[in-house]
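Welcome, and please open the model in your viewer. We will take it stop by stop, with something to select at each one.

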Amino acid sequence: MPPPLRIRSARVIVTSPGRNFVTLKIETDQGVYGVGDGTLNGRETAVVAYLEGHVIPALIGRDARSIEDIWQYLYRGAYWRRGPVTMRAIAAVDMALWDIKAKALGVPLYDLLGGPSRDGVLVYGHANGADVEETADEVARYLEAGYKAVRAQTGVPGVAKPYGVSRDKDFYEPAEGELPVETIWSTPAYLRQAPKLFEALRLRFGDEPELLHDVHHRLTPNEAAQLGKSLEPYRLFWMEDPTPAENQEGFAHIRRHTTTPIAVGEVFNSLWDAKELIQSQSIDYLRATVLGCGGITHLRRIADFAAIWQVRTGCHGATDLSPITTACALHFDTWVPNFGIQEYMRHTAATDAVFPHAYSFADGRLHPGDAPGHGADIDEAEAAKHPYVPRQLPVARLTDGTMWNW
Ligand code: CS2
Ligand code: MG
């Protein structure tokens, strides 16, 4: 039995290089440390409190090698299981422990998971614009940069601040107000606009580029069925979050009416959120993440379950998941047999300075690098330059004022 790696200390580092991040650093008695991401956009302080009040005290003295036992302890021992705060706190611990184990063995994390299943991880970037023409120009920019897959979001006539259209073309950060900014949504205007966008993109770029689109929970199941049918001529790689996924039966209705592929799950925090969708084959890609679903330990179980029904992974990768999550996701993506695609919203230079990492982009793919561990770290001196800034995600109302899904 190898000697234990006793957890000597663990602490939370909150930093805000343009947006807030929550990082957990776990140090062992043999000097090896690991870092994990616990960020929850707009609710960061809840995860900090959970980690500092309910997790860290229970970690001290444990053997850092016992990743599975610690995961089960934190999941079953909470009694009040699941939920975004609990599972992101567990994820931060899990990412840090996998980092420690791989570092102690001197291997990149993907080696511990089962070794590489592919050379490079296919990613998609985010193109957006105020109108169809500007969005198409942005898609061209991503294709010229080497991306093989691009998500396209465009303005909706008559709708101020529609989802996914950002002020800054390279970096999209929706959390902008200390209190939620109110936005307006019009489904009829959107259902008219979306097919026009993808008709224009196919006319300009042909059938080869993979085009993705995020509906962001805005439609009812039948409206989503209408959208999917209207997009079929343009061969989308997927339409994402077409309808809120609490109503998992709703996806069966969408499936009956359209073959446009469906992706869902960035807001999921355990297998239980996705089980029915997977078993009924109501989705094609699962967006669950290392961060949202309790770490590597649980996400690999979800992926193996999904593989039985030929559902592929399509991990969420927005800027509100730190480079530590990006690094862990890429090791997971390098290993996972039923890989689909990885979202890649580039972080800013300020964020990258706080979180040095080994991954790199080339020819439309991300490569995790071969540094021992997950290959990401936190520069604490750099992090200290960016104190926490209270920020929340927007809310959405319909044109008559009815609260809707942002
Ligand atoms: C979006 C996210 O990237 C996506 O697919 O759904 O950017 C989402 O809006 C943010 O992560 C919310 O914080
Ligand atoms: Mg999304």
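On this tour, two residues are in contact when heavy atoms lie within 4.5 Å. Keep in mind as we go that this is a predicted model.

**Stop 1: the two domains.** Begin by colouring residues 7-107 as domain 1 and residues 113-404 as domain 2, following the domain assignment of the chain. The C-alpha centres of these two domains are 25 Å apart. Now look at where they meet: 42 residues of domain 1 are in contact with 50 residues of domain 2. Between them, the two domains bury an area of about 3400 Å², and carbon and sulfur atoms give 56% of that. Select Pro17, Asn41 and Met95 next, because these residues are a good place to see the buried area: they supply 16% of what domain 1 buries against domain 2, more than any other three residues.

**Stop 2: across the interface.** Stay at the boundary and show the side chains. There are 5 salt bridges between domain 1 and domain 2. To look at a salt bridge up close, select Arg11 and Glu380, whose closest N and O atoms are 2.7 Å apart. Polar contacts cross the interface too, with 23 residue pairs found there.

Which elements supply the side of domain 1 that touches domain 2? Strands E1 (7-15), E2 (21-28) and E3 (33-37), together with helices H1 (44-59), H2 (67-76) and H3 (84-105), each supply at least two residues. Highlight H3, which gives the most, with 11 residues. Colouring this side of domain 1 by residue type will show 17 nonpolar, 13 polar and 12 charged residues.

**Stop 3: ligand 1.** Centre the view on ligand 1, which is surrounded by 17 residues. The closest are Asn41, His216, Glu240, Glu266 and Glu343. Asn41 is a familiar name from the first stop, where it was one of the three residues picked out for buried area.

Turn on the side chains of His216 and Glu240. His216 places a polar side-chain atom 2.8 Å from an oxygen atom of the ligand, and a side-chain N or O atom of Glu240 is 2.8 Å from a ligand oxygen atom. Then add His316, where an N or O atom of the side chain lies 3.1 Å from an oxygen atom of ligand 1.

**Stop 4: a salt bridge between strands.** The structure as a whole holds 23 salt bridges. For our last selection, pick Arg151 and Asp214, whose side chains form a salt bridge with an N to O distance of 3.1 Å. Arg151 belongs to strand E5 (residues 149-154) and Asp214 to strand E7 (residues 210-214), so this pair ties together parts that are 63 residues apart in sequence.

Definitions and conventions
Residues numbered from 1 in each chain as written. Chains lettered and ligands numbered in written order. Predicted model: local features only at pLDDT ≥ 70, side-chain atom pairs only at ≥ 80, totals over all residues. Heavy atoms only, no water. Domains from an automatic or database assignment. Buried area = accessible area lost by both parts, 1.4 Å probe. Salt bridge = Lys/Arg side-chain N within 4 Å of Asp/Glu carboxyl O. Polar contact = N/O pair within 3.5 Å; in protein donor to acceptor, adjacent residues only side chain to side chain. Helix = DSSP H or I, 4+ residues; strand = E, 2+ residues; numbered from the N terminus. Nonpolar A, V, L, I, M, F, W, Y, C, P; charged D, E, K, R; others polar. Near = heavy atom within 4 Å.
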